[in-house]
Amino acid sequence: MVDPDLELVDATGRGDQEAFEALVVKYQGPLLNFIARYTGDRFIAEDITQEVFIRIYRAAPRFQPRTKVSTWVFSIACNQALTEMDRRRRRRSLCEAVSRSRDGGYDETGVSPAERFELEEEIMSALGRLPDNQRAALLLRVNEELSYREIADVLGMTIESVESLLFRARTTLKRHLDRK
Amino acid sequence: MKCSQIRRKLSAFMDGELDGGTSRLIEKHIDTCPGCREYLHEFREVDDLVHGLPKIELSLDFTSRVVSEAVKTSNIASRKTVTFGSSLRILLARLSDAVFNLFEPGAPPSTRTLDELGDCPPLSMGYIYFKILDQSNGG
Ligand SMILES: [Zn+2]
C-alpha cells in the first residue's frame with residue numbers, strides 16, 4: 001500500500017510550499033489536539049504544533065520513505081511535546097515560588113471552577129497522572145487510531161511494550177473512574 | 001484460560017490486535033463470564049471518555065503563519081550552513097551537545113537519536129554560537 005502523504009513530504013523536501021501547506025492542513029487539527037491532551041495544556045499546544053511543523057519542513061529532505069508519514073509526524077510531535085514538558089518541569093522545580101496555578105497543565109492540583117467541565121477535567125487529570133509513554137500510547141490508539149505497530153514506531157519500542165502500556169493505562173484510568 | 005489471563009488480553013482484544021485463535025477464545029469466555037464482560041465494558045468506557053474530550057480549534061491564520069514561519073526559519077538555517085566551514089560547525093555542535101547533555105540528564109535516549117531531530121536543541125545551540133561569531137566577525 002502506497003502512503004498517500006509520501007508525495008507531499010517528497011515535494012516539501014524539494015521546497016514545494018504548496019505541498020507543505022497541504023501537509024499542514026491535513027495534520028494541524030490532529031496534532032493540535034494530540035499535543036493539547038498529551039501536555040495537558042491547551043494554551044501551549046498551538047505553539048508546540050507550529051514548532052513541530054517547522055521541524056517537519058526542515059527534516060523533509062531527509063525523510064526515509066520506509067517510515068509511514070503519520071508515524072513520523074507523531075514521533076516528532078511526541079518529542080517536541082516531551083521537550084517542552086521537560087523544560088516546564090525543570091523550570092517549575094527551579095522556581096517553586098512561582099504560583100502553580102498560573103502555569104496550567106497537568107501538575108495543577110486546583111479544583112475545576114465550572115461544573116460542566118468537571119468530567120473533562122477529571123479525565124484530563126487522570127490522563128495527566130499516567131506516565132508519559134502510557135498517555136502517548138493511549139492517545140495515539142484511541143484518538144488517532146494507530147495500530148500497535150505504528151505506535152511502536154512512534155515511541156521507539158516493541159509491539160509487546162505497546163500492548164502492555166495500553167493495558168496499564170486503561171486499567172489505571174478504569175480504577176480512577178471507578179472511584180468517583 | 002483464567003479470568004486474570006483473559007483480562008490482561010482484553011485491551012489488545014478490543015483493539016483488534018490479537019490473532020484469530022486468541023480472539024475467539026476471549027469472545028467465548030466473555031460470553032459466559034459476566035465479570036470479564038464488565039471489565040471489557042469499563043475499558044470501552046475509558047476509551048469513550050478519552051475519545052469524547054472536546055476538540056480545540058486553531059487560530060484562523062495558523063496555516064499561513066506556519067508555512068511562512070517554516071520557510072523563513074529554514075532559509076536562515078541554510079544560510080548559516082553555507083556561511084561557516086562544516087568542520088568548525090561539527091566541532092561546535094559536539095561541544096554544545098556535551099554542554100547540553102550536562103543539563104539534560106533525563107532526556108529520553110530512545111527518542112534523541114531520531115534522524116529527523118538532527119536539528120534539535122544540541123545543533124540549534126551550535127547555531128547560536130555561529131550567530132554570536134557571525135556578529136562579532138561583522139557578518
Ligand atoms: Zn472471566
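These questions and answers walk through a predicted model of two protein chains and a zinc ion, one reason at a time.

Q: Which protein atoms count as donors of the zinc ion, and what makes them donors?
A: They are the SG atoms of B:C3, B:C33 and B:C36, together with NE2 of B:H29. These atoms lie 2.1 to 2.3 Å from the zinc ion, and a donor is an N, O or S atom within 2.8 Å of the metal, so they qualify. Along the sequence, the donor residues follow the spacing C-x25-H-x3-C-x2-C.

Q: Why is the arrangement around the zinc ion called tetrahedral?
A: The 4 donor atoms subtend angles of 101 to 114 degrees. Four donors count as tetrahedral if all angles lie between 85 and 135 degrees, and therefore the name fits here.

Q: Are the donor residues B:H29 and B:C33 buried or exposed?
A: Both B:H29 and B:C33 are buried, a word used for residues under 20% relative accessible area.

Q: Why is B:L10 called buried?
A: The relative accessible area of B:L10 is 0%, and the limit for buried is under 20%, so B:L10 belongs in that class. You will find B:L10 in helix α1 of chain B, which covers residues 3-14.

Q: What does B:L10 contact, apart from its neighbours within four places in sequence?
A: B:L10 is in contact with B:I26, B:I30, B:C36, B:Y39, B:L40 and B:F43. One of these, B:C36, is also a donor of the zinc ion. Another, B:L40, is 30 residues from B:L10 in sequence, with 6.4 Å between their C-alpha atoms.

Q: How do α1(B) and α2(B) cross, and which residues meet there?
A: Helix α2 of chain B spans residues 20-32, and its axis comes within 10 Å of that of α1(B), at a crossing angle of roughly 115 degrees. The crossing is left-handed. From α1(B), the residues B:C3, B:I6, B:K9, B:L10 and B:F13 take part. They meet B:T22, B:S23, B:I26, B:E27, B:H29 and B:I30 of α2(B). The zinc donors B:C3 and B:H29 are thus among the residues of this meeting.

Q: Why are α1(A) and α2(A) called oblique to each other?
A: Helix α1 (residues 6-13) and helix α2 (residues 17-39) of chain A pack at an angle of about 135 degrees, with axes 7 Å apart. Roughly perpendicular covers 65 to 115 degrees and roughly antiparallel begins over 145, while angles outside the named ranges are oblique. The pair is therefore oblique.

Q: Which residues make the contact between α1(A) and α2(A)?
A: On α1(A) they are A:L8, A:V9, A:A11 and A:T12, and on α2(A) they are A:A19, A:F20, A:A22 and A:L23. The crossing of these two helices is left-handed.

Q: What makes A:L139 a buried residue, and what does A:L139 touch?
A: A:L139 has a relative accessible area of 1%, and under 20% counts as buried, so the label applies. This leucine lies in helix α6 (residues 132-142) of chain A. Beyond its neighbours within four places in sequence, A:L139 contacts A:F34, A:R37, A:Y38, A:L127 and A:E144, and also B:V50 of chain B.

Q: How do you know that A:H176 is buried?
A: The relative accessibility of A:H176 is 14%, and the cut-off is 20%, so A:H176 counts as buried. A:H176 sits in helix α8 (residues 159-179) of chain A. Not counting residues up to four places away in sequence, A:H176 touches A:E122, A:A126 and A:R129.

Q: Why is A:E145 called exposed?
A: Its relative accessible area is 58%, and exposed means over 50%, so A:E145 is in the exposed class. A:E145 is found in the loop between α6 and α7 of chain A.

Q: What is the phi of A:E145?
A: Phi is near 55 degrees, a positive value in a residue other than glycine. Most residues other than glycine have a negative phi.

Q: How many helices and strands are there in each chain?
A: Chain A has 8 helices and 0 strands, while chain B has 7 helices and 0 strands. Buried residues make up 54% of the 180 residues in chain A and 38% of the 139 residues in chain B.

Technical notes. Residues numbered from 1 in each chain as written. Chains lettered and ligands numbered in written order. Predicted model: local features only at pLDDT ≥ 70, side-chain atom pairs only at ≥ 80, totals over all residues. Heavy atoms only, no water. Donors = N, O, S within 2.8 Å, 3.2 Å for Na, K, Ca; no water. Tetrahedral: all angles 85-135°; square planar, octahedral: opposite > 155°, others 65-115°. Buried < 20%, exposed > 50% of the residue type's maximum accessible area, 1.4 Å probe, protein only. Axes fitted to C-alpha atoms, helices over the stretch in contact; angles between N-to-C directions. Helix = DSSP H or I, 4+ residues; strand = E, 2+ residues; numbered from the N terminus. Parallel < 35°, antiparallel > 145°, perpendicular 65-115°, else oblique. Left-handed = near helix turned anticlockwise from the far one by under 90°. Contact = heavy atoms within 4.5 Å.
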